[in-house]
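Hi everyone, thanks for letting me go first today. Please have a look at the picture, and then I'll walk you through it.

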Amino acid sequence: MCIARRALETIAAHAREALPAECCGVLLGTANEIVEAVRTRNLSEDPSRYSLDPKGHIDARRAARSRGLEVMGFYHSHAHSEPKPSIADLAEATYPGHLYLIVRPRADGAKVRVFRFEEEGFLEVGFMTTS
Ligand SMILES: [Zn+2]
């Protein structure tokens with residue numbers, strides 16, 4: 001699993017801008033690479049939760065198709081906690097086989113962990129930090 005530098009930068013910047021709330025978006029790519037991150041609105045009014053705007057999700061699917069990419073999964077931030085899936089994240093995950101990237105913003109970059117959602121739960125498939 002690899003992630004394009006540009007996608008990582010988009011995600012890290014989005015997470016910092018959304019503080020103190022969480023941000024979310026859609027990951028586009030091909031078989032084994034996240035090529036692009038598409039920001040979507042977070043409809044949750046609870047700053048420590050996220051609810052991906054369904055319209056943003058549909059728009060991202062359309063954008064992916066038109067450019068020969070796939071929707072590989074989703075990203076969201078944990079403003080104040082480690083980038084690992086919460087109980088709510090597990091309860092609300094609905095796309096088996098998709099990637100769930102979680103980012104924790106830091107003053108000088110971000111810490112990112114990537115999980116694949118499988119029947120048995122989240123399986124970690126990647127870890128990176130930016131600075
Ligand atoms: Zn979460």
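I'll start with the metal site, then go to the cores, and finish with the cysteines and one loop residue.

Quick housekeeping: this is a predicted model, so local features need pLDDT of at least 70, side-chain atom pairs count only at pLDDT 80 or more, and totals for chains, interfaces and linings use all residues. Residues are numbered from 1 along each chain as its sequence is written, and side-chain values use heavy atoms, with hydrogens and water left out.

So, which residues hold the zinc ion? They are His76 and His78, each through NE2, and Asp89, which is listed twice through OD, at 2.0 to 2.6 Å. Donors here are N, O and S atoms within 2.8 Å of the metal (3.2 Å for Na, K and Ca), and since water is not among the atoms, sites may look incomplete. Along the sequence, the donor spacing reads H-x1-H-x10-D. His76 sits in strand S4 (residues 70–77) and Asp89 in helix H3 (residues 87–92), so the pair ties together parts that are 13 residues apart in sequence. Helices (H or I, at least four residues) and strands (E, at least two) are DSSP runs, numbered from the N terminus. His76 and Asp89 are both buried, meaning under 20% relative accessible area, where exposed is over 50% and partly exposed is in between (1.4 Å probe, protein chains only).

Now the cores. A nonpolar core is a set of buried Ala, Val, Leu, Ile, Met, Phe, Trp, Tyr and Cys residues joined through side-chain atoms within 4.5 Å. The largest one has 20 residues, and Ile11 is among those with the most contacts inside it. Helix H1 (5–18), strand S3 (33–40) and S4 are among the elements giving it two or more residues. H1 provides the largest share, six residues. Apart from that core lies another, of 13 residues, including Val26 and Tyr100.

What about disulfides? How many are there? Zero, going by the rule that a disulfide is a pair of cysteine sulfur atoms within 2.5 Å. For Cys24, the nearest cysteine sulfur belongs to Cys23, 6.8 Å away. Cys24 is buried, at 0% relative accessibility, while Cys2 is partly exposed at 38%.

Last one: Leu52, in the loop between S3 and helix H2 (54–66). Leu52 is buried too, with a relative accessible area of 17%. Leu52 and Cys24 are 28 residues apart in sequence, yet 6.2 Å apart in space, C-alpha to C-alpha.
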